[in-house]
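Please examine the sequence and the three-dimensional structure shown below. The paragraphs that follow proceed from single side chains to the protein as a whole.

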Amino acid sequence: MGKKRWTPPTGKGAREAIEERKKSALSWEERREIVENSKKESGSSSLAKWEAQNITGDIDHQLQRQREESIALQAVAKAKKLASKRAKKEAKKEKKKDKKKKKEKKKKDKKKDKKKDKKKDKKKDSSDSGSDSDSSSDSSGSSSSVDEQTKKKRKFEEAAKKEKTGWRLSQFLDDDD
């Protein structure tokens, strides 16, 4: 026929094995005592000695003090964070205001430049028509051209005083007087 199948060796029955373990086994209390006694102290023995000598008072009191300190540190950190956020917000607002002011200033400057250009164009047009007469008077003498230039300056100053625009010469002239 064929080969025999392998079977595990026969031993004691389950009931007998349980009874034997109970005889030689430890109770839960005995086992806990053995584990506690065999526990190693965390850290070095010198540290444990130092703690025993230097820790005064109740450990619970020290833990409570440490908790309070950590809570205080957290509160300080939170306050700093809020203050920095506020400062950033204010800086952002200021930057926005400055940007807006600069933009408005640029607009005003552009308007002033346009007005200046218009005045210059008017002045050039009037001086171009007057320049034909100047060229004929230059041949007659230099003193008459100086008189005409002073007359033009006076007219310009008077116009600037009346209008208070353009180069604002009127303010400059009022400050000198």
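What is the relative accessibility of arginine 65, and how does this residue count on that basis? The structure under discussion is a predicted model, and in this model arginine 65 has a relative accessibility of 39%, so it counts as partly exposed. The term applies because values from 20% to 50% lie between the cut-offs for buried and exposed residues.

Arginine 65 has a charged partner. Its side chain forms a salt bridge with glutamate 69, and the closest N and O atoms of the pair are 3.4 Å apart. The positions of the two residues in the chain help to explain this pairing. Glutamate 69 and arginine 65 are four residues apart in helix α4, which means that about one helical turn separates them. Glutamate 69 is likewise described as partly exposed, its relative accessible area being 42%.

A search of the whole structure finds two salt bridges. Besides the pair just described, lysine 12 and glutamate 20 meet through their side chains, with a distance of 2.2 Å from N to O. Lysine 12 has a relative accessibility of 55% and therefore counts as exposed, because the cut-off for that class is over 50%. Glutamate 20, at 44%, counts as partly exposed.

Charged residues also appear in another arrangement. On the surface, a patch of negative charge is formed where Asp109, Asp113, Asp117, Asp121 and Asp125 gather. One of these residues, aspartate 117, may be considered in detail. Aspartate 117 lies in helix α4, which covers residues 59–138. Its relative accessible area is 43%, so aspartate 117 is partly exposed. This value satisfies a requirement for belonging to a patch, because a patch residue must have over 30% relative accessible area.

The view may now be widened to the entire protein. How many helices and how many strands does it contain? The protein has six helices and zero strands. Accordingly, the pattern read along the sequence is α-α-α-α-α-α.

The surface completes the description. The protein has 177 residues, and 4% of them are buried; a residue receives that label because its relative accessible area is under 20%. The accessible surface of the protein amounts to about 17700 Å². Carbon and sulfur atoms account for 53% of this area.

Notes
Residues numbered from 1 in each chain as written. Predicted model: local features only at pLDDT ≥ 70, side-chain atom pairs only at ≥ 80, totals over all residues. Heavy atoms only, no water. Patch = residues over 30% accessible without salt bridge, like charges linked within 9 Å, V, L, I, M, F, W, Y side chains within 5 Å. Areas by Shrake-Rupley, 256 points an atom, 1.4 Å probe, with all protein chains shown as cover. Salt bridge = Lys/Arg side-chain N within 4 Å of Asp/Glu carboxyl O. Lys, Arg positive; Asp, Glu negative; His and termini not counted. Charge placed at Lys NZ, Arg CZ, Asp CG, Glu CD. Helix = DSSP H or I, 4+ residues; strand = E, 2+ residues; numbered from the N terminus. Buried < 20%, exposed > 50% of the residue type's maximum accessible area, 1.4 Å probe, protein only.
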